[in-house]
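Here are a few short exercises to work through with the model open beside you. Try each task before you read its solution.

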Amino acid sequence: MSRYLKEASSRGITGVVILDGLEFLVTYNGLQPVLKFLATLRDMAFVNNALLVVVLDEGSWDERERAMLRRIFE
(Lines give C-alpha, C1' and ligand atoms only; values in the text may rest on other atoms or scores of the structure.)
Protein backbone atom coordinates (compact mmCIF):
# COMPACT_ATOMS: atom_id res chain seq x y z
CA MET A 1 0.00 0.00 0.00
CA SER A 2 2.84 2.34 0.81
CA ARG A 3 4.29 1.81 -2.65
CA TYR A 4 0.92 2.54 -4.27
CA LEU A 5 0.49 5.78 -2.31
CA LYS A 6 4.02 6.95 -3.08
CA GLU A 7 3.60 6.16 -6.77
CA ALA A 8 0.26 7.98 -6.97
CA SER A 9 1.72 10.99 -5.17
CA SER A 10 4.74 11.14 -7.46
CA ARG A 11 2.43 11.17 -10.50
CA GLY A 12 0.24 13.90 -9.04
CA ILE A 13 -2.69 11.53 -8.56
CA THR A 14 -4.72 11.33 -5.37
CA GLY A 15 -4.34 7.80 -4.03
CA VAL A 16 -7.43 6.29 -2.49
CA VAL A 17 -7.53 3.50 0.11
CA ILE A 18 -10.92 2.06 1.09
CA LEU A 19 -11.05 -0.16 4.15
CA ASP A 20 -14.23 -2.11 4.81
CA GLY A 21 -14.86 -4.92 7.27
CA LEU A 22 -13.02 -3.40 10.21
CA GLU A 23 -15.04 -5.59 12.55
CA PHE A 24 -13.56 -8.68 10.88
CA LEU A 25 -10.02 -7.37 11.41
CA VAL A 26 -10.71 -6.71 15.08
CA THR A 27 -12.20 -10.18 15.56
CA TYR A 28 -9.07 -11.89 14.28
CA ASN A 29 -6.37 -9.43 15.39
CA GLY A 30 -7.72 -7.54 18.41
CA LEU A 31 -8.63 -3.91 18.81
CA GLN A 32 -5.23 -2.46 19.72
CA PRO A 33 -3.35 -3.88 16.72
CA VAL A 34 -6.11 -2.65 14.38
CA LEU A 35 -5.99 0.82 15.95
CA LYS A 36 -2.22 0.91 15.38
CA PHE A 37 -2.74 -0.24 11.79
CA LEU A 38 -5.32 2.52 11.21
CA ALA A 39 -2.97 5.13 12.66
CA THR A 40 -0.23 3.96 10.30
CA LEU A 41 -2.60 4.08 7.32
CA ARG A 42 -3.71 7.57 8.36
CA ASP A 43 -0.10 8.73 8.47
CA MET A 44 0.74 7.19 5.10
CA ALA A 45 -2.32 8.82 3.54
CA PHE A 46 -1.46 12.19 5.06
CA VAL A 47 2.17 12.14 3.93
CA ASN A 48 1.18 11.18 0.38
CA ASN A 49 -1.84 13.51 0.08
CA ALA A 50 -4.09 10.49 -0.30
CA LEU A 51 -7.63 9.74 0.74
CA LEU A 52 -8.37 7.07 3.36
CA VAL A 53 -11.98 5.88 3.58
CA VAL A 54 -12.90 3.61 6.49
CA VAL A 55 -16.38 2.08 6.32
CA LEU A 56 -17.90 0.81 9.53
CA ASP A 57 -21.23 0.15 11.19
CA GLU A 58 -21.34 2.28 14.34
CA GLY A 59 -23.78 -0.19 15.91
CA SER A 60 -21.05 -2.83 15.94
CA TRP A 61 -18.89 -0.80 18.30
CA ASP A 62 -19.40 0.17 21.91
CA GLU A 63 -18.97 3.79 23.03
CA ARG A 64 -15.36 3.32 24.19
CA GLU A 65 -14.32 1.72 20.89
CA ARG A 66 -16.03 4.45 18.84
CA ALA A 67 -14.21 7.09 20.90
CA MET A 68 -10.85 5.42 20.21
CA LEU A 69 -11.60 5.23 16.50
CA ARG A 70 -12.64 8.89 16.40
CA ARG A 71 -9.41 9.97 18.11
CA ILE A 72 -7.36 8.38 15.36
CA PHE A 73 -9.06 10.40 12.65
CA GLU A 74 -9.44 13.78 14.37
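## Exercise 1: Two neighbouring helices

H2 and H3 pack with their axes 7 Å apart and at an angle of about 130 degrees. Helices here are DSSP runs of H or I with at least four residues, strands are runs of E with at least two, and both are numbered from the N terminus. The model is predicted, so local features need pLDDT of at least 70 and side-chain atom pairs count only at pLDDT 80 or more, while totals for chains, interfaces and linings use all residues. Residues are numbered from 1 along each chain as its sequence is written, and side-chain values use heavy atoms, with hydrogens and water left out.

**Task.** Classify the packing of H2 against H3 and say which residues meet.

**Solution.**
1. Axes are lines fitted to C-alpha atoms, for helices over the stretch in contact, and angles run from 0 to 180 degrees between N-to-C directions.
2. Angles under 35 degrees count as roughly parallel, over 145 as roughly antiparallel, 65 to 115 as roughly perpendicular and the rest as oblique. The angle therefore makes H2 oblique to H3.
3. Leu-22, Leu-25, Val-26 and Asn-29 of H2 are in contact (heavy atoms within 4.5 Å) with Leu-31, Pro-33, Val-34 and Leu-38 of H3.
4. Sorted by class, this contact has seven nonpolar residues, one polar and no charged. Ala, Val, Leu, Ile, Met, Phe, Trp, Tyr, Cys and Pro count as nonpolar, Asp, Glu, Lys and Arg as charged, and the others, Gly among them, as polar.

## Exercise 2: A second helix pair

**Task.** Describe how H3 and H4 pack, and break their contact down by class.

**Solution.**
1. The axes of H3 and H4 are 9 Å apart, and the angle is about 20 degrees.
2. H3 and H4 are therefore roughly parallel to each other.
3. H3 contributes Leu-31, Gln-32, Leu-35, Leu-38, Ala-39 and Arg-42 to the contact, and H4 contributes Arg-64, Glu-65, Met-68, Leu-69, Ile-72 and Phe-73.
4. By class, the contact of H3 with H4 has eight nonpolar, one polar and three charged residues.
5. For a single-residue view, take Leu-35: leaving out residues up to four places away in sequence, Leu-35 touches Met-68, Leu-69 and Ile-72.

## Exercise 3: The nonpolar core

**Task.** Which residues touch the most other members of the largest nonpolar core, and which element gives the largest share?

**Solution.**
1. A nonpolar core is a set of buried Ala, Val, Leu, Ile, Met, Phe, Trp, Tyr and Cys residues joined through side-chain atoms within 4.5 Å.
2. The largest one has 17 residues, of which Leu-22, Leu-31, Leu-35, Leu-38, Trp-61 and Leu-69 touch the most other members.
3. Two or more residues come from each of strand S1 (16-20), helix H2 (22-29), helix H3 (31-47) and helix H4 (63-73).
4. H3 gives the largest share, six residues.

## Exercise 4: Two asparagines in a loop

**Task.** Are Asn-48 and Asn-49 buried or exposed?

**Solution.**
1. Asn-48 is in the loop between H3 and strand S2 (51-55), and Asn-49 is in the loop between H3 and S2.
2. Buried means under 20% relative accessible area, exposed over 50%, partly exposed in between (1.4 Å probe, protein chains only).
3. Asn-48, at 10% relative accessibility, counts as buried, whereas Asn-49, at 60%, counts as exposed.
4. Asn-48 touches Leu-5, Lys-6 and Ser-9, not counting residues up to four places away in sequence.
5. Asn-49 has a positive phi of about 50 degrees although it is not a glycine.
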